[in-house]
Amino acid sequence: MRLLANISLTLLRAKMRQTLVAAGGVMFSIAMFVTLLGFMHGLNRLLDGLILNRTPHVRLYHEPTPSPQQPVQLAYADSTNPPAHYFIRSVKPKDDLPRLRNAPAIMEALEKDPRVLDVTPRLVAQVLFHVGTTDLNGQVMGIDVLHEMQYYMFADYMVGGDPTDLARGNNTIVLGKKLADIMEARIGDQVQLTTASGERAMLRVVGYFQSGIAEFDKVQCYANMATVQRLLARPASYITDIHVKLHDINAAPAMAKELAARFPVQAMDIQTANAQFETGSNVRSIISYAVGIVLLIVAGFGIYNILNMMINEKLDAIAILKATGFSGRDVQRIFLLLSLVIGVSGAIGGAVVGFALQNVINNVPFHPEAIPAVTHFPVDFSPKFYVIAISFALITSWVAGWFPARRAAKVDPVEIIRGK
C-alpha cells in the first residue's frame with residue numbers, strides 16, 4: 001500500500017494544476033455548503049424565535065363552549081320512544097367566565113411533574129385605550145414578570161424601560177412599541193383605558209415591548225398579575241391561562257392530550273399552535289440542503305473528468321505498471337487513492353474556508369428596525385453541517401474516482417505497448 005500511495009502522489013505531482021482545480025472544486029462546494037446551511041439555519045432560528053421564544057410548550061386555557069347535551073336531548077333521555085333526530089339551531093356558548101377552575105392546584109400538580117421545566121400563570125384582559133376622542137383596541141396580558149424574563153426572554157424584547165419596574169410597581173404597564181408610537185406615550189406617562197366590563201383605570205408606562213411582528217405590537221401590552229386582576233375586579237386566584245415549559249419540546253403533543261384529559265381544561269401544544277412556522281423552516285432547510293448537495297455533485301463530476309484525462313495521458317505508465325507485475329486491482333487502488341486524496345484535501349480546505357465565511361457573515365452588522373435584539377446576521381455554527389459536507393464530499397470523490405479507476409484496471413498492456 002505504501003508503494004501504491006507513492007505512485008499516486010507521483011501522478012498527482014505530475015498533474016499538479018489539474019489536481020489543484022479538482023481539489024478547489026471540492027473545497028468551494030464544501031465551503032458554500034456549510035456557509036449556506038449555517039446562514040439559513042441561523043435565519044430560521046431567528047424567525048422562529050420571534051414566535052417560539054414567546055410561546056409555551058403547552059398552553060392550558062378555558063374557552064366557553066356550547067353544552068354537549070342540549071335541554072331537548074335531556075327531556076327525552078328517559079323516554080321509551082325518543083325522536084329519531086334533534087334539530088337544534090343557533091346554539092349559544094354556556095354563560096361562563098374564561099377562567100381556569102382551581103388553577104393554583106393545577107399549577108402545584110404540574111410543578112411536581114419531572115417533565116415540566118416551568119409553570120407560569122397568565123391573565124388576559126381586553127381593553128380600550130383612550131387617546132383624546134379616539135379609542136384603540138388593546139389586550140393587556142398579566143404575567144409573572146420574573147418567570148417571563150427567565151423562561152420567555154421577556155427582557156430581550158423590551159426596547160425601553162426596565163422590566164423589574166413592571167414587577168415591582170403597581171398600576172404599571174409595558175406598551176407594545178407600535179401602540180406606544182400611535183399614542184405618542186413616553187415612559188412615565190399615564191394612559192387611560194377601559195376594560196370590557198366598563199371599569200376605567202390609569203396606568204403608568206414603564207417600558208416598550210417589540211416582538212418584531214407589527215400587528216402584535218400594535219395591540220399587545222403587559223402588566224403584572226396583580227394589576228390585571230385589579231383591572232378586572234377579580235381575586236388573586238383568577239387566572240385565564242397556564243403556560244407550561246417542558247424539558248423536551250417534542251413531548252408537548254402527548255403532554256397536551258394528557259393534561260386535557262387529566263384536568264378540566266383545554267390544552268394546545270406548541271407544534272399545533274405554530275405548524276406554519278415549522279413548515280416554512282423545513283422548506284427553507286430542504287432547499288439549502290438541495291443546493292449544497294448539487295454543488296458537491298458538480299465537484300464530483302470535475303474529479304471524474306480530471307481522472308479520465310489523467311488515465312488517457314498515462315496509458316503508457318499504466319501499461320508499464322501492469323507489465324512489471326502490478327495487477328488490475330493495484331492499478332484501480334492507485335487511481336482511487338488519487339480521487340480520495342483530492343477529496344480529503346478539498347474537504348479540509350472547504351471546512352476551513354466555510355468556517356471563515358461563517359464568521360465573516362456573523363460579524364456583518366444587521367439592525368432590523370422590527371427586531372431590535374438582533375445586531376448581526378445570524379449564523380448557526382453546528383458541527384453537523386461540517387460532518388454532512390465532508391462525508392458527502394468523500395463519498396462523491398470515491399464514486400467519481402471508481403469509474404475511471406475501473407477503466408484503468410482493464411487496460412491491456414500488450415495493446416498499449418504494441419501501439420507504441
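**Exercise 1. Which helix gives the largest share of the nonpolar patch, and how many residues does that share hold?**

Solution. The largest share of the nonpolar patch comes from H15, with four residues. The structure used here and in the exercises below is a predicted model.

Step 1. List the members of the patch. They are Tyr304, Ile395, Trp398, Val399 and Phe403. Together these residues make a nonpolar surface patch of about 470 Å².

Step 2. Place one member in the chain. Ile395 belongs to helix H15.

Step 3. Check how open Ile395 is. Its relative accessible area is 52%, and a residue counts as exposed over 50%, so Ile395 is exposed.

**Exercise 2. Describe helix H15: its length, its kink and its buried residues.**

Solution.

Step 1. Take the length. H15 covers residues 383–409, which is 27 residues. From the first C-alpha to the last, the helix reaches 38 Å, close to the 39 Å expected at 1.5 Å a residue.

Step 2. Find the kink. H15 has a kink of about 30° at Trp402, and the proline Pro404 follows shortly after.

Step 3. Look for the buried residues. Among them are Phe385, Tyr386, Ala389, Ala393, Thr396 and Ser397. Further along H15, Ala400, Gly401, Pro404, Ala405, Ala408 and Ala409 are also buried. The proline named in Step 2, Pro404, is thus one of the buried residues of H15.

**Exercise 3. How many salt bridges are there, and which parts of the chain do Arg115 and Glu258 tie together?**

Solution.

Step 1. Take the count. A salt bridge needs a side-chain nitrogen of Lys or Arg within 4 Å of a carboxyl oxygen of Asp or Glu. By this rule there are seven salt bridges.

Step 2. Examine the first pair. Arg115 and Glu258 meet through their side chains in a salt bridge, at 2.9 Å from N to O. Arg115 is in the loop between helix H4 (103–111) and strand E2 (116–131), while Glu258 is in helix H10 (residues 252–262), so the bridge ties together parts 143 residues apart in sequence.

Step 3. Check the surroundings of the pair. Arg115 is partly exposed, with a relative accessible area of 36%. Glu258 is partly exposed as well, at 31%.

**Exercise 4. Are Glu148 and Arg122 buried or exposed, and where do they lie?**

Solution.

Step 1. Confirm the contact. Glu148 and Arg122 form a salt bridge whose closest N and O atoms are 2.8 Å apart.

Step 2. Locate the partners. Glu148 sits in helix H5 (residues 145–151) and Arg122 in strand E2, so this pair ties together parts that are 26 residues apart in sequence.

Step 3. Classify them. Glu148 and Arg122 are both buried.

**Exercise 5. How many residues separate Asp181 and Lys177 in helix H7, and which residues are joined into a salt-bridge network?**

Solution.

Step 1. Take the contact first. Asp181 and Lys177 form a salt bridge, with the closest N and O atoms 3.0 Å apart.

Step 2. Locate the partners. Both lie in helix H7 (residues 177–183), four residues apart, about one turn of the helix.

Step 3. Compare their accessible areas with the classes. Asp181 has a relative accessible area of 45% and is partly exposed. Lys177 is partly exposed too, with 24%.

Step 4. Turn to the network. Asp113, Arg115 and Glu258 are joined into one network by salt bridges that share partners.

**Exercise 6. Which backbone oxygens do the side chains of Thr35 and Gln229 approach?**

Solution.

Step 1. Begin with Thr35, in helix H2 (residues 16–52). A polar atom of the Thr35 side chain lies 2.6 Å from the backbone oxygen of Ala31. Thr35 has a relative accessible area of 9%; buried means under 20%, so Thr35 is buried.

Step 2. Continue with Gln229, in helix H9 (residues 225–231). The Gln229 side chain reaches the backbone oxygen of Tyr238 at 3.2 Å. Gln229 is buried, with a relative accessible area of 8%.

**Exercise 7. What separates Leu36 from Gln358, and Met1 from Asp330, in space?**

Solution.

Step 1. Leu36 is in helix H2 and is partly exposed at 27% relative accessible area. The C-alpha atoms of Leu36 and Gln358 are separated by 8.7 Å, with their positions 322 residues apart along the chain.

Step 2. Met1 belongs to the segment before helix H1 (2–14) and is exposed, with a relative accessible area of 60%. From C-alpha to C-alpha, Met1 and Asp330 are 8.9 Å apart, although they are 329 residues apart in sequence.

Note on methods: Residues are numbered from 1 along each chain as its sequence is written. This is a predicted model: local features need pLDDT of at least 70, side-chain atom pairs count only at pLDDT 80 or more; totals for chains, interfaces and linings use all residues. Side-chain values use heavy atoms; hydrogens and water are left out. Helices (H or I, at least four residues) and strands (E, at least two) are DSSP runs, numbered from the N terminus. The expected span of a helix is 1.5 Å times one less than its number of residues. The bend at a residue is the angle between axes fitted to the seven residues ending there and the seven starting there. Buried means under 20% relative accessible area, exposed over 50%, partly exposed in between (1.4 Å probe, protein chains only). Patches are made of residues with over 30% relative accessible area and no salt bridge: like charges are joined within 9 Å, nonpolar side chains (Val, Leu, Ile, Met, Phe, Trp, Tyr) within 5 Å. Accessible areas come from the Shrake-Rupley method with a 1.4 Å probe; for residues, only the protein chains shown count as cover. A polar contact is a pair of N or O atoms within 3.5 Å; within protein, one must be able to donate a hydrogen and the other to accept it, and residues adjacent in sequence count only if both atoms are side-chain atoms.
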